[in-house]
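Welcome! Take a look at the model below, and then work through the exercises at your own pace.

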Amino acid sequence: VGKLVNQPLAGIAKIDATITGNKQQLQATGTLTGNGVTYGDNGALTMSSDFTAKIPELTVADADVTANTHATFVTVSGQNINELDAKTTYHQKALDFDATAKQPQRSLAANGSLVVHPDHHEIHLKSLGLTSQGVQWQTAPNSEAAIQYFPDAIEVKDVVLVNGDQKISAEGTFGRPGDALKVTLNNIDVASVDALLLRPPQLSGRLSATGKESIIRAPAA
């Protein structure tokens, strides 16, 4: 299949589905199971997904797809995840997701949407929570973070994480000459860094700081 669609796919997969309807509203309902499934450097040892797909007028671009997925021993961007559960809904190039990823002592829960544009991808986070060894960071109440991925840059808006009276915020763009990303730390208990990194205590104290990362184009020779 990977060779047919010119994508770096590998592994074994099985689809068991029932197709009903007609040209006006074709529907497929079933289960997808996979073993050793990979896409490039990302993949899962096992996965199963119950899905429903509705395709009006046989137009794939207008399809509505909902799925409940469970995967084990997942690798994403170099991170090894023991379990991953996700509820997803796809419609008009937008993917709504509610996902939870678990490692032995850490877990991450995220709720939001991914929108695909011709020149970039955009993630809107309604909620994000990271828990590690009793330490929990989450997005600020009544806020929605936005992250845009361009081929040569990443732009973040309204990214605010809180833990009690501690706060981390980020705003700006990074990747291109002239871009600047501003990060602000407010009353951070630096001992929580050890908990997030799953290492023995090494740090102590509180930290407040503001930093700006920018790229300056070197003058032409």
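**Exercise 1. Find the surroundings of Ala-170.**

Task: Which residues does Ala-170 touch, not counting residues up to four places away in sequence?

Solution. Step 1: contact means heavy atoms within 4.5 Å. Step 2: leaving out residues up to four places away in sequence, Ala-170 touches Val-156, Asp-158, Val-159, Lys-182 and Val-183. Step 3: place Ala-170 in strand 12; strands (E, at least two residues) and helices (H or I, at least four) are DSSP runs, numbered from the N terminus. Step 4: its relative accessible area of 18% makes Ala-170 buried, because buried means under 20%, exposed over 50% and partly exposed in between, with a 1.4 Å probe and protein chains only. Step 5: Ser-204 is 34 residues from Ala-170 along the chain, and their C-alpha atoms are separated by 23 Å.

Before you go on, a note on the model: it is predicted, so local features need pLDDT of at least 70 and side-chain atom pairs count only at pLDDT 80 or more, while totals for chains, interfaces and linings use all residues. Residues are numbered from 1 along each chain as its sequence is written, and side-chain values use heavy atoms, with hydrogens and water left out.

**Exercise 2. Describe the place of Phe-97.**

Task: Say whether Phe-97 is buried or exposed, and list what Phe-97 touches.

Solution. Step 1: find Phe-97 in strand 6, which covers residues 94–102. Step 2: the relative accessibility of Phe-97 is 17%, so this residue counts as buried. Step 3: beyond four places in sequence, Phe-97 touches Lys-87, Thr-88, Ala-110, Asn-111, Gly-112, Ser-113, Leu-114, Ile-123 and Leu-125. Step 4: take Leu-125 from that list; Phe-97 and Leu-125 are 28 residues apart in sequence, and 9.6 Å apart in space from C-alpha to C-alpha.

**Exercise 3. Follow the salt bridges.**

Task: How many salt bridges does a search of the whole structure find?

Solution. Step 1: a salt bridge is a side-chain nitrogen of Lys or Arg within 4 Å of a carboxyl oxygen of Asp or Glu. Step 2: the search finds 4 salt bridges. Step 3: one of them joins Asp-152 and Arg-176, with the closest N and O atoms 4.0 Å apart. This pair links distant parts of the chain, 24 residues apart: Asp-152 is in the loop between strand 10 (145–150) and strand 11 (153–163), and Arg-176 is in the loop between strand 12 (166–174) and strand 13 (180–189). Asp-152 is partly exposed at 44%, and Arg-176 is partly exposed at 26%. Step 4: Lys-157 pairs with Glu-155, the closest N and O atoms being 3.6 Å apart. Here Lys-157 is partly exposed at 35%, whereas Glu-155 is buried at 19%. Step 5: Asp-165 forms a salt bridge with Arg-206, where the closest N and O atoms are 3.6 Å apart. Asp-165 lies in the loop between strand 11 and strand 12, and Arg-206 in strand 14 (residues 206–214), 41 residues apart. Both Asp-165 and Arg-206 are exposed. Step 6: salt bridges that share partners join Asp-152, Arg-176 and Asp-179 into one network.

**Exercise 4. Examine a buried charge.**

Task: Which side chains make polar contacts with the side chain of Glu-122?

Solution. Step 1: locate Glu-122 in strand 8 (residues 121–132). Step 2: Glu-122 is buried yet has no salt bridge, and the nearest side chain of opposite charge, Lys-157, is 6.5 Å away. For this count, Lys and Arg are positive and Asp and Glu negative, while His and the chain ends are not counted. Step 3: a polar contact is a pair of N or O atoms within 3.5 Å; within protein, one must be able to donate a hydrogen and the other to accept it, and residues adjacent in sequence count only if both atoms are side-chain atoms. Step 4: the side chain of Glu-122 makes such a contact with the side chain of His-124 at 2.6 Å, and with that of Gln-148 at 3.3 Å.

**Exercise 5. Spot a positive phi.**

Task: Where is Glu-57 found?

Solution. Step 1: Glu-57 is in the loop between strand 3 (42–56) and strand 4 (64–76). Step 2: its phi is near 55 degrees, a positive value in a residue other than glycine. Step 3: compare this with the general rule that most residues other than glycine have a negative phi.
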